[in-house]
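Here is a short note to read alongside the model. Keep the 3D view open and look up each residue as you go.

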Amino acid sequence: MWYVIQTISGEETEIIEMIQKTVSKSLYQACIFPLCENVWKSKGINIKIEALFPGYVFIETENPEELFLNLRKIIKLSKLLRNGDSHNGYSFLNLKQEEVDFLKNIINDDKEQIVRRSSIWCEEKPNGGKSICRVEGPLAHYMKELVKVDFKNRRAFIELEFLGEKRRIRLGIRLLEDEELENSIVPYLGTKDFDHKIRKEKKENIKKEKEENIKKEKIKEEKIKEESKEKEVAKENHNRLPQIKVGSRIKIIRGAYEGIETAALRIDAKQETLKVPIKMFGRKMQVEIPKSDVELMK
């Protein structure tokens, strides 16, 4: 028979590992924690593996009393659901046959105990919206229990009796156009692992952001230093040659025209250049030279 162990949400896989390591295989036939595919849409379709029934582990055994005595030794934070039939003061909640069938139908022998998305084919209604014309997968078994379909977020809801109460259970769905939009599958993480992952990612992001800010500040400082240096050079050049005016006699002291004496025709204060006339190869021409390449003649 199948029984239920209730534990802390997020610790289900840890409980199963403890059972597998500690409890004799002769005391149980199977121990599962059903998961399900859930869809969220962000730049396409992404599939996240989540708990179908958070906080519940299912175990198959023919000897519940002895199994419980073994479980009680290793599971400190979990409790067993009662059904009123006490065994040494404690009891499992055993599943009804229809509940066992439900689990088998939706898991469908999946090796990872994951309830996969159901494929749905739809037709557009004349007045808008969609109507389902064909279903394959877990949902196909429970179309009579279907109470809502959220096409946008790719999920369907069914209502039925399970674990002693009426429950609304969410099942993932897949439309025909989803194949080309699907990006990635994010595996299941228990609450502790998930919180640890989030904290780690946040810490890494803060560190990365800090490093990027430091890098930006260094680039900014270097740019300020470079601009300051350029201003200093320009200031020195300006201070060195403040007397040069249009018509001033000058001598070119460096460059291709070194040694030529001429006069300033035009001064570009912004570019720190002079336009001067020179004579080369028997022809007169005007050339532009840096102010730093000339000196004022007395």
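1. Is C36 buried or exposed? C36 is buried, because its relative accessible area is 4%, and buried means under 20%. Keep in mind as you look that this is a predicted model. Another cysteine to find is C31, which also counts as buried, at 11% relative accessibility. The count of disulfides comes to zero.

2. Now turn to the sheet with five strands. Its order is β10-β9-β13-β12-β11, the sheet is open, and the pairing is mixed. At the edges you will find β10 (130-136) and β11 (146-150), each of which pairs on one side only. From one strand to the next, the twist averages 40 degrees.

3. Stay with this sheet and pick out β9 (residues 118-124). β9 runs parallel to β13, and three bridges join the two. To see one bridge pair, start at S118 and look across to I173 in β13. Helix α3 (residues 97-107) packs on the sheet, where it touches β12 (155-162) and β13. The direction of α3 makes about 155 degrees with that of β12.

4. Next come the charged residues. Side chains of opposite charge can pair when their charged atoms come close. In this model the count is 10 salt bridges. One of them joins R170 to E50, with the closest N and O atoms 2.7 Å apart. This pair links distant parts of the chain: R170 lies in strand β13 (residues 165-175) and E50 in strand β4 (residues 45-51), 120 residues apart. R170 counts as partly exposed, at 27% relative accessibility.

5. Which residue forms a salt bridge with R134? The partner is E136, and the closest N and O atoms of the pair are 2.4 Å apart. R134 is partly exposed at 42% relative accessibility, and E136 is partly exposed as well, with a relative accessible area of 38%.

6. K166 and E159 form a salt bridge too, their closest N and O atoms being 3.9 Å apart. Here K166 counts as exposed, at 57% relative accessibility, whereas E159 counts as partly exposed, at 26%. You can also trace a network: salt bridges that share partners join E37, D110, E112, R116 and R117.

7. Look next at the sheet with three strands. This open sheet has the order β16-β15-β20, with antiparallel pairing. Why is one side of β16 (261-263) and of β20 (294-296) left without a neighbour in the sheet? Both stand at the edges with a single partner strand each, so one side of each has no neighbour there. Neighbouring strands of this sheet are turned by 40 degrees against each other on average, direction ignored. Three bridges join β15 (residues 249-252) to β16, and the bridge partner of R249 in β16 is A263.

8. Finish with a hairpin, formed by β18 and β19 with two residues between them. How many bridges join strand β18 (residues 273-280) to strand β19 (residues 283-290)? There are eight, and the two strands run antiparallel. One pair to look for is I278 with its bridge partner M285 in β19. In the turn, F281 has a positive phi of about 55 degrees.

How values were computed: Residues numbered from 1 in each chain as written. Predicted model: local features only at pLDDT ≥ 70, side-chain atom pairs only at ≥ 80, totals over all residues. Heavy atoms only, no water. Pairing = 2+ DSSP bridges. Helix = DSSP H or I, 4+ residues; strand = E, 2+ residues; numbered from the N terminus. Axes fitted to C-alpha atoms, helices over the stretch in contact; angles between N-to-C directions. Disulfide = S-S within 2.5 Å. Buried < 20%, exposed > 50% of the residue type's maximum accessible area, 1.4 Å probe, protein only. Salt bridge = Lys/Arg side-chain N within 4 Å of Asp/Glu carboxyl O. Contact = heavy atoms within 4.5 Å.
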